[in-house]
Structures are given as C-alpha cells and as structure tokens.
Amino acid sequence: MEETDWDIEEVKHLKTKQLIQSNLVMLLLFVLIGYFAENGNIFVLYGMFCVLLWLIVAVTLYILTTGKFVGTKTNRRVQEFDRTQLGEKRWRRRKIIELVFMSLLSVIVTVLTFVEDYETAIFNFPIDAFPFMGAWLGYNIGEMIRIHNL
C-alpha cells in the first residue's frame, strides 16, 4: 500500500484500540506479578518473565524473516502502516535492533533465573511494583503522543 492509501483517522483509531489491548495485557501481567509475589513463588514469576521474553524474540524473528505480521487484526494493520511509513529499509533495521536487544535481554534474564538464589529473595510487592507502573505510565504517555502526532 502507498502512504496516501492510509486514512489517518482510521490509523489513529486502530492505534488507540491497540493501546487498549496492550493495557489489558499489562494489567494481566500486573495481576500475575502481584499474585506470585504475594504467594512467595518468585521462581515462577522469573520463569514466566523469561518465557515471555523468549516468545517476543521468536515472534520478532518470525516477522523479520517472513515479513508476515503476527497478532490481532488491529495489530497487523498497525504494523503494516508502520512498515509503509518507515519504508522497508528503516523498518528492517529497526526490527533487527529490536531482535538484538530482546535477545540480549532474554539471555540475561534466563541466566539470572537459573543463577539467583530464590530462597533468600524478598519481593515487597507494593514497593517493588513502582518501576513496572512507571514503565506502564511512560508507555501510555509515549503512545498517546505518537497517536496525537499522526
């Protein structure tokens, strides 16, 4: 599709819908973190985070190698728009950077998951959740600004 074929109002609507879907996933993650932190099963929490990161790496690698998008219909349409807006070369470069960064993060988290001593680990849920909530808030503010700037 050409750049001119995209209706900006439709793209704004799709990106807003994608933001709501992302917030629902973040809310689910927040509830799971709270549940496992309060029940003292920190190894399961780290393991789930590790699996989630490797899943992101696998999906990114699949998208990069095949060029096919994964996710909901809304997510696929937004990714198509982003690809046409950026151009093939810039889009591919960003995907490679994302793949490298997520791979390194996944390796670090995997190593820490198996090296950490979970018997002595303490997780104070309300206090230790502030970085997660800050990232969540920052993500929302950034996405709203990007939607507004379209």
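The buried residues of helix 1 are Val-11, Leu-14, Lys-15, Gln-18, Leu-19, Met-26, Phe-30, Gly-34, Phe-36 and Ala-37, and they offer a convenient way into this predicted model. Helix 1 is built from 31 residues, and the distance from its first C-alpha to its last is 44 Å, close to the 45 Å expected at 1.5 Å a residue. Around helix 1 stands a protein that has 6 helices and 0 strands, so that its pattern, read along the sequence, is α-α-α-α-α-α. Of the 150 residues in the protein, 29% are buried, and among the contacts with a separation of 6 or more, 78% are between residues 24 or more positions apart.

One of the buried residues of helix 1 deserves a separate look, since Lys-15 carries a charged side chain. Lys-15 is found in helix 1 and has a relative accessible area of 11%, which is why it counts as buried, the cut-off being under 20%. Once its neighbours within four places in sequence are set aside, the residues in contact with Lys-15 are Val-78, Phe-81, Asp-82, Ile-147 and Leu-150.

The partner to follow next is helix 6. The axes of helix 1 (residues 8–38) and helix 6 (residues 130–148) come within 10 Å and cross at roughly 175°; with angles over 145 degrees counted as roughly antiparallel, the two helices are therefore roughly antiparallel to each other. On the side of helix 1, the contact is made by Lys-12, Lys-15, Thr-16, Leu-19, Ser-22, Asn-23, Met-26, Leu-27, Leu-29, Phe-30 and Ile-33, while helix 6 contributes Phe-132, Met-133, Trp-136, Tyr-139, Asn-140, Glu-143, Met-144, Ile-147 and His-148. Sorted by character, the residues of this contact comprise 12 nonpolar, 5 polar and 3 charged.

Helix 6 itself has 19 residues, which at 1.5 Å a residue should span 27 Å, and its end C-alpha atoms are indeed 27 Å apart, so the two values agree. Its buried residues are Trp-136, Asn-140, Gly-142, Glu-143 and Ile-147, and the buried residues of helix 6 pack against helix 1.

Aromatic side chains give a second view of how parts of the chain meet. A pair of aromatic rings is described by the distance of the centres and the angle of the planes. The whole structure contains 3 aromatic pairs, and one of them is formed by Trp-6 and Phe-81, an edge-to-face pair with 5.3 Å from centre to centre and 75° between the planes. This pair links distant parts of the chain, because Trp-6 belongs to the segment before helix 1 and Phe-81 to helix 3, 75 residues apart. Trp-6 and Phe-81 are both buried. Another of the pairs is formed by Phe-30 and Trp-136, which is tilted, with 6.1 Å between the centres and 50° between the planes. Since Phe-30 lies in helix 1 and Trp-136 in helix 6, this pair ties together parts that are 106 residues apart in sequence. Phe-30 and Trp-136 are both buried, and both also appear among the residues that make the contact between helix 1 and helix 6.

From Phe-81 the path leads to the start of helix 3 (residues 73–86), where Lys-73 is found. In contrast to the buried Lys-15, Lys-73 is exposed, as its relative accessible area of 63% lies over the 50% cut-off. The C-alpha atom of Lys-73 is separated by 9.8 Å from that of Gln-18, although the two residues are 55 residues apart along the chain.

Helix 4 (residues 88–115) completes the tour. With 28 residues, helix 4 reaches 40 Å from its first C-alpha to its last, close to the 40 Å expected at 1.5 Å a residue. Trp-91, Lys-95, Leu-99, Met-102, Ser-106, Val-109, Thr-110 and Thr-113 are its buried residues, and the buried residues of helix 4 pack against helix 2 (42–66) and helix 3. A residue of helix 2 can be placed relative to one of these: Leu-52, which lies in helix 2, is 54 residues from Ser-106 in sequence, with the two C-alpha atoms 8.9 Å apart in space. Leu-52 has a relative accessible area of 30%, and is therefore partly exposed, whereas Ser-106 is buried.

Notes
Residues numbered from 1 in each chain as written. Predicted model: local features only at pLDDT ≥ 70, side-chain atom pairs only at ≥ 80, totals over all residues. Heavy atoms only, no water. Axes fitted to C-alpha atoms, helices over the stretch in contact; angles between N-to-C directions. Helix = DSSP H or I, 4+ residues; strand = E, 2+ residues; numbered from the N terminus. Parallel < 35°, antiparallel > 145°, perpendicular 65-115°, else oblique. Contact = heavy atoms within 4.5 Å. Expected span 1.5 Å × (residues − 1). Buried < 20%, exposed > 50% of the residue type's maximum accessible area, 1.4 Å probe, protein only. Phe/Tyr/Trp six-rings, centres within 6.5 Å; stacked < 30°, edge-to-face > 60°.
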